[in-house]
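Let's take a walk through this structure together, starting with the whole assembly and working inward before returning to the place where the chains meet. Keep the 3D view open as you read.

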Protein chains: 2
Amino acid sequence: HVPDFDPVAADDATVTGPNVRITVLSARVLRLEYDPTETFEDRPSQLVWYRDRPVPDFAVTRGDDRLVVETDALTLEYDHGIEAAFTAETLSIELEDGTVWTYGDENEGNLGGALRTVDEVDGAAPLEDGLVSTDGWAVVDDTDRLVFGEDGWVEPRDAPESSEDLYFFGDGQDYETRLADFRAITGEVPMIPRWALGNWWSRYWEYTQDELRGVVEGFDERDIPLSVAVIDMDWHVVDNAYHDGWTGWTWNDEYFPDPAGFVEWLHDNDIKTTLNLHPAEGVHPHETQYADFAEFMGIDPDSEEPVEFDAADPQFLRGYFEHLINPMEDEEGVDFWWIDWQQWEQSPEMDGLDPLWALNHLHSLDRTRTGKRPFIFSRWPGLGGHRYPIGFSGDSYISWPSLRFQPHLTATSANVAYGWWSHDIGGHMGGEGDPQAFGELYARWTQFGALSPINRIHTTKHPFVDKRPWEFDGAITETLEDALSLRHELIPYLYTMAWRDHTEGVPLVRPMYYHHPEAEAAEESVHQYYFGSELLAAPHLSERDDETNLARRSVWLPEGEWFDFVTGEYHEGGRWLARYGDLADLPVYAKAGAIVPMDADARADTENPERLRIVAFPGADNTFDLYEDDGTTTAHRDGAYATTEFAQTFDGDRLTFEIG
Amino acid sequence: HVPDFDPVAADDATVTGPNVRITVLSARVLRLEYDPTETFEDRPSQLVWYRDRPVPDFAVTRGDDRLVVETDALTLEYDHGIEAAFTAETLSIELEDGTVWTYGDENEGNLGGALRTVDEVDGAAPLEDGLVSTDGWAVVDDTDRLVFGEDGWVEPRDAPESSEDLYFFGDGQDYETRLADFRAITGEVPMIPRWALGNWWSRYWEYTQDELRGVVEGFDERDIPLSVAVIDMDWHVVDNAYHDGWTGWTWNDEYFPDPAGFVEWLHDNDIKTTLNLHPAEGVHPHETQYADFAEFMGIDPDSEEPVEFDAADPQFLRGYFEHLINPMEDEEGVDFWWIDWQQWEQSPEMDGLDPLWALNHLHSLDRTRTGKRPFIFSRWPGLGGHRYPIGFSGDSYISWPSLRFQPHLTATSANVAYGWWSHDIGGHMGGEGDPQAFGELYARWTQFGALSPINRIHTTKHPFVDKRPWEFDGAITETLEDALSLRHELIPYLYTMAWRDHTEGVPLVRPMYYHHPEAEAAEESVHQYYFGSELLAAPHLSERDDETNLARRSVWLPEGEWFDFVTGEYHEGGRWLARYGDLADLPVYAKAGAIVPMDADARADTENPERLRIVAFPGADNTFDLYEDDGTTTAHRDGAYATTEFAQTFDGDRLTFEIG
């Protein structure tokens, strides 16, 4: 479980001064280390793994107790005569546009990033700072992050408490470049399994094997595409004499008398599955895996001493996978895991080690042991979390404010290179009453879900809250089916965008200011977003008007030509558009010349479609490279993939479409 | 060399009367046999091979010395009391629209068909009658055609001289149905090799191996696509003591010291080749093949008695292929043959046997011995010739009238199901003077050639007449290159049309009235034609105006929407269009919704393109099934082919293009 680090920067890229070391990672990115012992850190941190970047041209001048490092974009000044440390008086960096950053400056123009969880919040939750800022710069403080040691696991830094390890990004308002620079030193976003882009079914419910099978069959009978069936925590035994039962590892044979057989059945029906985990309680004597795991940990099973969850202990971690995770992957065929960590943020055994980060990191790596792609369904662990898709945003309230916050969070998370959110589509809690009462909200949520990274329908453990599509009235049901079918059809496009995210670092969903940093409207239109390279999505997030039975959606269309993705209607950009639509209305706009490949058969599986539907729009020449691979393995890193170019050019009414 | 005949009609489909037999081949097609001995013919004729068609519903009434056969479309009346024979007074057929055909009626409304050759004619030559007629009926007299006997070869009929064997087509003005009915009883058009659709180079010239290689290399160096290099009669020894040397079978080692090696070189360069043959003189002692062939024929080689060409002799025919044709195919790698028969029309050994027909028939069949497709380059042998593509129209004059006649002939030949003409593109003779003097004519001819079935550039044996594209001035050269490149790019489309011709009986080129029989303008616009399922071609056939330097082309656009294939300009149909264009102008119109697949790389070979270019037009939903196979073999008859459907639909500005 050790990544292929490349943490040592070139000697030529480093500049030392009294108590500091400046590493020129690029003309726009500097690493600023302060250490009174002048013992600097070359080991990979939890965040930064690749410091060995190409050395840009830069000049170093010394004299008069002053160190100056000048790149093409930055001019760092360190006045060590005043104090050989980082202070507002000693350290400053001037950007290319004349902006001067001074040590300690607050990044007031930060546009926000991701968040750990939306739990307990109904609506907008406070976002962490991201890397995007109207200030033109961003500082990532890496001082407190652990570093990887000799044992391949993280350990505390040797640096003194006053030491500082900062990364300065000074690329102005070139947000794309900033994220590219960040990705260059922190790592890339891995490809996710193709099937993950399909529709998910998730419910906090004590499903029996047969009951869940019935749900899946229900989707199949109605030709509603489904690719993932989530099994919440009640897959395991919860009743025990040791703890509340949230943590569990033993299949509940009352609900799942034949787990392996059931999973095999799911697979035969082109359904992948995941199990919800709450690892915090470790493993207690009642668990099937306890005896072996206890012995592995040097615990006499007869003592019935529990195996405590210890993210700092490599032994525990090794055992965790070997005795808990890997057996169920291999024996029952579990496809991936849903880590529902909500407990402590810092390991009692090691300061700075967040169990959530540890689990995400290790689970992602561990999944590759069988050639499968890194893939874990867990909460955002903080910066660097983009290496561990996909994110679980937490238990959402069944409310319009909670719905509205999801596209906002999804978009701004691009500011931290985090693009694979799996929100609770439809919400989790607070849906009191009959499911028909939440029909419109659920319909809109599902439409947003179809235009989100991961479309996971979710329901809480409430008998009156049921989100099966066919349990609603005609109009709601039709809207749900349309949205889910559209989602499935978009998989060819979405998968190519996943590849784009992987190779170019452009998330599927990104805020408007990502491409229009200078536009004021872009910063304000936080609830719409670019949806891939071709589309702009602005799903309805509010109730229909009682009078007209229409919902109103304000959409900001950037300069240029835009087309309604569904109707093909033309819209001139560079203005705000007030769109009114009925329940079936789905505001998605295609850019001029947009090329959107889709699966022609929404009834099919998530594999490469037998019949491909290309949706195209006029107004500009465009090229789209459709990406295809086996959908599940890491073989694509060895060139096992195919790209089919679609290029369109217009001459009068003549459309030339080249394929290959 | 025996086809799979099915010549016996069902008993239920036959009606006999005094001296006659009526065979109801379909509700619209009747076979009318008169034989005073009442011995009727069930053997396959040179034309009709498939009489065993589904029996339609029909009624027979007898009485008062009168026989009446009534189908859904036809009512035949035979008044045998007057005379038990076919006369104007005894035989009549009433069509569905009330038109009455009487025996002996001239088909005055016949729109013409094909012709044997354009030799010695400068301009329009008289056409044979076709099956299309404004009269609403057509009669094919099969009486004088030979029948296939027990030996698998043709022989004279046993019928008395007064006997008659007629086929009546009475489908009104449904020209498509008529040709389908004709094809149903006569046979289908076989697939031609894919490479035949590329550009051909043909010159009546004493090419040496090296010289022809130089020509091919010239095309290659200039990135001008070429797929077939024709070697005229001087490939063989012409000087001999026995005859004028037109017939020859021995490679002239002075010109071709290494024929096998040269052909191999051609093949390595993706060039197919053919040798010109004048078989009439048979084989004389000076030929390399003489000794063995003589012995095969029971001729003492020492006697030096020539092996006479005898199309009636099965032994000769067998030897012809085994000793002359097959060895050069197998040993030298000759791809196909150009039968340049201009001698006698009737075999002295068998009346009614046209050596041209015999050669076409046998060559076509023989080529399949190695799994290759039937393919022979020869003159039109008469009705039924559609089974033996491709046609050599003869030596054309280098003149504008001769150019104008070629599209006319090509279009009207669809009236006899004959669609694969290989005209002398550029003309053959009369090109006196410097090639620059014929620049414009040659340019226009090449443009037509690109829009013709087989694009064979041809030149005569005149040192001042040279049609190599690069031998002209800039504008002419550019036009030639553009036309040849366009041709090559169109191969994916053309090949699909070849498949369409094979399976549906719709030729690549067909006259306007083929689809618009009721339009007067369609009959008059004889020099334009439908070019495949998607296009309408009306190449420039006249000189540019001295004043404006523009050529004027009158184009009749049928009702509907049309688009300039090159520029995409829209044109409303249902009217005559006066088009003015410069030398580069090529009038080709795409129908509403047209889908034209092209090879994106004109520099490539004729194989399935690595990069496909789809040219599409708006105005209608359309589906195009791109056809692909190995391009050369008959494996397609066993299902060894692939069809890729391209379907486009429009919704506003939204274009949906489905592939698969």
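**Two chains and how they meet**

Laying chain A on chain B takes a turn of 180° and a shift of 0.1 Å along the axis, and the RMSD is then 0.2 Å. The two copies are thus related as by a two-fold rotation axis. Please keep in mind that this is a predicted model.

Now look inside one copy. Chain A has eleven helices and 33 strands. Of its 660 residues, 63% are buried. Among the contacts in chain A with a separation of 6 or more, 69% are between residues 24 or more positions apart. On the outside, chain A exposes about 23,700 Å², and carbon and sulfur atoms supply 42% of that area.

Charged side chains give us a good set of landmarks. Over all chains, the structure holds 83 salt bridges. One of them joins A:Arg53 and A:Asp181, with an N to O distance of 3.4 Å. This pair links distant parts of the chain: A:Arg53 sits in the loop between strand E3 (29–34) and strand E4 (58–63) of chain A, while A:Asp181 belongs to helix H1 (residues 175–186), 128 residues apart. Both A:Arg53 and A:Asp181 are buried.

Chain B offers another pair to find. The closest N and O atoms of B:Arg456 and B:Asp424 are 2.6 Å apart, and the two residues form a salt bridge. B:Arg456 lies in strand E19 (residues 454–459) of chain B and B:Asp424 in strand E18 (residues 421–425), so this salt bridge ties together parts that are 32 residues apart in sequence. Here too, B:Arg456 and B:Asp424 are buried.

Next, turn to B:Glu534 and B:Lys591, whose side chains meet in a salt bridge at 4.0 Å, N to O. B:Glu534 is in the loop between strand E21 (529–531) and strand E22 (535–537) of chain B, and B:Lys591 is in strand E27 (residues 588–591), 57 residues apart. How do the two partners fare for burial? B:Glu534 counts as buried because its relative accessibility is 3%, under the 20% cut-off. B:Lys591, at 26% relative accessibility, counts as partly exposed.

Salt bridges can also join up into something bigger than a pair. In chain A, a network of salt bridges links A:Arg21, A:Arg31, A:Glu33, A:Asp42, A:Asp142, A:Arg145, A:Arg157 and A:Asp165.

Let's finish where the two chains touch. Here 30 residues of chain A are in contact with 29 residues of chain B. About 2,300 Å² is buried between chain A and chain B, and carbon and sulfur atoms give 45% of this area. A:Arg611, A:Asp653 and A:Arg654 supply 28% of the area that chain A buries against chain B, more than any other three residues. Because 97% of the interface residues of chain A are also interface residues in chain B, the copies meet through the same surface.

What holds polar partners across this boundary? There are 16 residue pairs in polar contact across the interface of chain A and chain B. The count of salt bridges between chain A and chain B is six. One example is B:Glu658 with A:Arg613, at 3.1 Å, N to O. On the side of chain A that touches chain B, the elements giving two or more residues are strand E30 (612–616), strand E32 (641–651) and strand E33 (654–659). E33(A) gives the most to this side, with six residues.

Methods:
Residues are numbered from 1 along each chain as its sequence is written. Chains are lettered from A and ligands numbered from 1 in the order in which they are written. This is a predicted model: local features need pLDDT of at least 70, side-chain atom pairs count only at pLDDT 80 or more; totals for chains, interfaces and linings use all residues. Side-chain values use heavy atoms; hydrogens and water are left out. Copies are superposed by least squares on the C-alpha atoms of residues with pLDDT of at least 70 in both. Contact means heavy atoms within 4.5 Å. Helices (H or I, at least four residues) and strands (E, at least two) are DSSP runs, numbered from the N terminus. Buried means under 20% relative accessible area, exposed over 50%, partly exposed in between (1.4 Å probe, protein chains only). Accessible areas come from the Shrake-Rupley method with a 1.4 Å probe; for residues, only the protein chains shown count as cover. Buried area is the accessible area (1.4 Å probe) that two parts lose on being put together, summed over both. A polar contact is a pair of N or O atoms within 3.5 Å; within protein, one must be able to donate a hydrogen and the other to accept it, and residues adjacent in sequence count only if both atoms are side-chain atoms.
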